[in-house]
Each structure stands twice: as C-alpha cells, then as structure tokens.
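I opened this notebook to record what I looked up in one protein model. The entries follow the order in which I consulted it.

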Amino acid sequence: MTERADRPTYRERHIDAKSVKEKKVQAVTIHGIRDIRVEEVPDPELRDPQDALVQVTHAAICGSDLWAYRGVSPREPGQRIGHEFIGVVTEIGRDVQHLRRGDLVIAPFMWSDGECRQCRAGWHTSCAQSGAWGQPGADGGQGEAVRVPFADATLVRVPATMDDAVLPALLTLADVLSTGHHGALASGVTPGDHVIVVGDGAVGLCGVLAARRLGAERVVLLGHHTERIEIARRFGAETYIGRSDSVVEEMRELTHGHGFDRVVEAVGTAQSLRTAISLAADGGTVGFVGVPHGGDGSVDLRQMFYRNVAVRGGVAPVRAYIPDLLSDVLTGELDAAAVFDHTIALDGVPRAYAKMEQREVLKALIRF
Ligand SMILES: [Zn+2]
C-alpha cells in the first residue's frame, strides 16, 4: 500500500492521458435490450462552478446494470451506463475548494449537494439535488471521463497515494461494500449477534464482511452458486446452498429453531424478502438492500406483527459511509476486492455484460 517510485503512478498515467487529449472520450452506452456498445462520446466539460472532471481509472459492472441490459429498467437509446467508478481529478470548477487536480477520488453511486437537511442527516440518496450516473444528460461511470456535479460534496478523496493493487478494493466502496454495510447496519448488527445474509451476489458477499466488521459472532450466507459462496467462506461466513422448498426450516434449524437475530436481504425479490422475514428470530430485524424487482413486493405483515420482526433498509446512502469504511480499507482490514472475478479493458465490456447475465461472471472490473 505504499507509493512505488520505480514506475508511473495511476495519477501520472491518467493526467498524462488527459493532457495529451488527442483522442475522444470512449464510454459504454446502451441502445436497447442486450445492446451495449463502446463508442465515442462528447468530452465532459465543466458546466457548473461546483463541477469537477474525473478521469476514470477503474469502474465496475453492477448486478443492477443487468436490469437495464435485460430491458426491465428501460433506458433511452444511447444513454450512458455504469455507476461505480474511481479516478483522478483532472479539472475543477471555480467553486470547488477541497479537491485538486491529481487527487484520487471515489464516487458514490449517486451525487448529492452535501448541504440540505437530508444530506446533513446522512441520507444523501434522498438529497433533492441528487442524481445517478448515467441518467439522461449525465455521464455514466463506465467511461473514460465523467463530469461530477457538487464535486466537493460528492467525491471522497483518498488521502494517500496507493499502489495500483489496492484500487479494486477502493472501488467496492462506490456501491457494493457500502451497500452491504447499509444492509448490516439496517439490520442492527451488534457484537455477538447471529446473522444470516440472503443472497450471494456482490452485495450479499460484502454484507458478510460488514456484519463481521460490526462484531457478528456468527454469519451464515444462504446462496445459490457454489463459486460465489466460496468467496463468502473466505470472508468469514458459514455457507449454504438453498435449493429445496424447506430451506427456511433447514436454516432455522441451524439456530435450534430460534431464528437469526439479524437478517441481511441482498436479492430484491418478494420471495427473498419473505424468506428473510421467516429466517428472523422473534424480535429480530431484517435489513434489506436488494433492489426490489418483479412481483408485487408484498410481505407477510401478520408474521411481522405476531413475531415482532422489523424490516428496514433501502437504497444505501453510501456517501455517508465511505469515509469511515475507507479507513479500514486503507489499513487492509476490509478488503472486498475478491468480488471481482473478471477484469477487462473498456472494449471487453459488452461481452462482460453477457457473461454476467449468464452467471459466468460474478462482477466485472473495468481497468482503463
Ligand atoms: Zn442534499
């Protein structure tokens, strides 16, 4: 994690790339169902005095990008996509005070102004001025450069110079690790708790690390894919594959029928949320961070009522968590980089979407 003097750092490489500026910016765009392209896009420019431009060094493809890919969350043809990136600041607007050219920064998956009541309360995703990378008119994270609104408030500066090897771990803070942390926090994990994580996507795997970090005595992960739950095991979980209809009974049996104090739901289907509620102990809490999709989303209120099971969670205000989690990532205590099982250059992105959809890849890392 120390600076290496014997070769150019990511900073030097990326600042140089920007200053040469011979070639146009390349970025990933989505044109329809399963139609992902890499093409030239307009050069990002400062539009507001609070903007900064970031030259992206690393980005990722998220499970939630696949909902756009499959057409479940429709996009306008040609829209940019991607919301997980880190990079180097190349230009700042005149009102940006806390960032400098050359700073390595982590971008949360939404921008926010940092000033309003919601932001000050730590709910940056509810900021009235917030927005998401890749929304119409905004740059997506899967591209060489991104214009960042409210740069001072949105971006988190990495205080030290990093070896390139640490950068994938930093990238997980943009979404999956911080979202896993939100799930663990929403479920109320405290030292000594018995926790089950439902879902073996990148967020569920990160939920294991987060629950451990908050002091859980026992973490069980319920998943579907052998190679993914292997990562969960490395992260400190007991792992189970849930295929049978009696999975709730089998999992509850692990706690002698008592149920789990805390449940982290990281799938997003109504079925998964119902399973999570059924796995909670009486008086327990479910923290749900799976993006809801499909079905009517209804849950069994009677079960929640008679067993005093609480459900809370939602979209993770990751901007609120990054500084705290970053300290542990920098010391090496928290390292979720193992969720990346496939590394590609920008031109490999269309194929990587297909591989993720076919479950051949858990999560793709794009190195620029
Ligand atoms: Zn705000």
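**Entry 1: a term and a caution.** I count as a polar contact a pair of N or O atoms within 3.5 Å; within protein, one must be able to donate a hydrogen and the other to accept it. I also note that the model is predicted.

**Entry 2: Gln-129.** I looked up the side chain of Gln-129 and found a polar contact with the side chain of Asp-113, at 2.9 Å. Gln-129 sits in the loop between helix 3 (117-120) and strand 8 (131-132). Is Gln-129 buried or exposed? Its relative accessible area is 43%, so I entered Gln-129 as partly exposed. Leaving aside residues up to four places away in sequence, I listed Trp-111, Asp-113 and Phe-150 as the residues that Gln-129 touches. I then checked Ser-112: 17 residues separate it from Gln-129 in sequence, while the C-alpha atoms of the two are 6.0 Å apart in space.

**Entry 3: the zinc ion.** Asp-113 led me to the zinc ion, for which Asp-113 is one of the protein donors. Which other residues supply donors? They are Cys-116, Cys-119 and Cys-127, each through SG, whereas Asp-113 uses OD; the donors lie 2.1 to 2.3 Å from the ion. I wrote the spacing of the donor residues in sequence as D-x2-C-x2-C-x7-C.

Why is the arrangement tetrahedral? The 4 donor atoms subtend angles of 97 to 120 degrees around the zinc ion, and four donors count as tetrahedral if all angles lie between 85 and 135 degrees. For reference, the ideal angle for four tetrahedral donors is 109.5 degrees.

I looked up accessibility for two of the donor residues. Cys-119 has 4% relative accessibility and therefore counts as buried. Cys-127 is buried as well, with a relative accessible area of 4%.

**Entry 4: a sheet.** I traced an open sheet of 3 strands in the order 2-1-4, with antiparallel pairing. Strand 2 (35-41) and strand 4 (79-80) each have a single partner strand and stand at the edges, so one side of each has no neighbour in the sheet. Strand 1 (residues 25-32) pairs with strand 2 over 7 bridges. Among these strands I looked up Val-25, whose bridge partner in strand 2 is Val-41.

**Entry 5: the core.** The largest nonpolar core has 55 residues, and within it Ile-106, Leu-170 and Leu-173 touch the most other members. Elements that each supply at least two residues of this core include strand 6 (104-107), helix 5 (167-171) and helix 12 (318-331). Helix 7 gives the most, with 8 residues.

Notes: Residues numbered from 1 in each chain as written. Predicted model: local features only at pLDDT ≥ 70, side-chain atom pairs only at ≥ 80, totals over all residues. Heavy atoms only, no water. Donors = N, O, S within 2.8 Å, 3.2 Å for Na, K, Ca; no water. Tetrahedral: all angles 85-135°; square planar, octahedral: opposite > 155°, others 65-115°. Buried < 20%, exposed > 50% of the residue type's maximum accessible area, 1.4 Å probe, protein only. Helix = DSSP H or I, 4+ residues; strand = E, 2+ residues; numbered from the N terminus. Contact = heavy atoms within 4.5 Å. Pairing = 2+ DSSP bridges. Core = buried A, V, L, I, M, F, W, Y, C linked by side-chain atoms within 4.5 Å.
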